[in-house]
Amino acid sequence: MTRIAFIGLGNMGGGMAANQARAGHEVLAFDLSAAAVQKAVAAGCVAAGSATAAVKDADVVITMLPAGQHVRAVYAAEILPHAKAGALLVDCSTIDVESARAVAKDASAEGFRFADAPVSGGTAGAEAGTLAFMVGCDEADFAAVEAAIGPMARTVIRAGDHGAGQAAKICNNMVLGASMIAVCEAFALAEKLGLDPERFFEIASKSSGQCWSLTSYCPWPGPVPAAPSNRNYEGGFATAMMLKDLKLAQEAAAKAGAATPLGAQAEGLYALFDRLGGGGKDFSAILELFRGHAPA
Ligand code: NAD
């Protein structure tokens, strides 16, 4: 049994912390939202009164927070000054490469092992313990990181040194944002052409249009029961979060001198959907934009 501090129990962190508890670990859980903490306790975690209290005696500290500024702040104020000597620190949030490298540098300076380990697989993967982790860490630390995240993972791949996990994640999510838009456009066109959307799904899912956005996360309600489209696009991966990731990709592309025109288009379309009020909806709700509907 390992003592794990888990900070950030939202759409993703809630399911991930529950899987650590299910694996028999002691999980000290903290979130600014009392409701999120209560949910984690119902799933077998122990409530911690603060992030500081959670990390004090933990062997492993896992964070699953919204963005770079949250991770930097929680590390600077609560984790690095209070974590147990020798603790393994793993940030699973999706954040900018610079923040990940800055936190890694500060953690190393304090003698901690650190990994950026963002995930893919959505809330369903978080709940089922089948996430894909892309890890940036020292090679010598990888075995320990892999063991620590095992109960939440189906796949764990070391992308490279500190920051490489985040680089892999923003590239992956640029594919996801653009592919979801392509799938939504196709459904809206199919509807306009008088083609039954469910029949289109049946055909495209067995044809060259097949992709994760279609067959695992279908934006059209019905064909994929676990997809957020069946619950009015609630929960899941918020449009505002997708927009954050696409911005990160564009910032990284500008700095690196890479040409990413489809990524730029995807960012613009998600920014528009966010402005229209869709920011809190799952990112697959952008289907409504192409159907000419306002976000519900
Ligand atoms: P979320 O908003 O549901 O959860 C974030 C949680 O962090 C909230 O419960 C919030 O209260 C908590 N929090 C914020 N500041 C805090 C602090 N200082 N101390 C303690 N708790 C704090 O977001 P989410 O969907 O769970 O996403 C979390 C991260 O995972 C993001 O970086 C996101 O980009 C990434 N991600 C999300 C998905 C997805 O499908 N939702 C998939 C892959 C990666």
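A polar contact is a pair of N or O atoms within 3.5 Å. This cut-off applies to the views below, which show a predicted model.

**View 1. Polar contacts of the ligand with Asn11, Asp31 and Leu32.**
A polar backbone atom of Asn11 lies 2.9 Å from an oxygen atom of the ligand. For Asp31, a polar side-chain atom is 2.6 Å from a ligand oxygen atom. At Leu32 the partner on the ligand is a nitrogen atom, 3.4 Å from a backbone N or O atom of the residue. The ligand taken alone exposes 840 Å², and the protein buries 86% of that.

**View 2. The shell of residues around the ligand.**
There are 23 residues around the ligand, and those that come nearest are Asn11, Met12, Asp31, Pro66 and Thr94. By type, the shell consists of 11 nonpolar, nine polar and three charged residues.

**View 3. Helices that contribute to the shell.**
At least two residues of the shell around the ligand come from each of α4 (68-79), α6 (122-128) and α11 (239-256).

**View 4. The ligand in its pocket, between two domains.**
The largest pocket holds the ligand. Residues of the shell come from both domain 1 (3-162) and domain 2 (167-291), so the ligand lies between these domains.

Key:
Residues numbered from 1 in each chain as written. Predicted model: local features only at pLDDT ≥ 70, side-chain atom pairs only at ≥ 80, totals over all residues. Heavy atoms only, no water. Near = heavy atom within 4 Å. Polar contact = N/O pair within 3.5 Å; in protein donor to acceptor, adjacent residues only side chain to side chain. Areas by Shrake-Rupley, 256 points an atom, 1.4 Å probe, with all protein chains shown as cover. 1 Å grid on protein atoms, 1.4 Å probe; cavity = no way out; pocket = protein on both sides within 12 Å on 5 of 7 lines; lining within 4 Å. Sits in = over half its atoms within 2 Å of the grid points. Helix = DSSP H or I, 4+ residues; strand = E, 2+ residues; numbered from the N terminus. Nonpolar A, V, L, I, M, F, W, Y, C, P; charged D, E, K, R; others polar. Domains from an automatic or database assignment.
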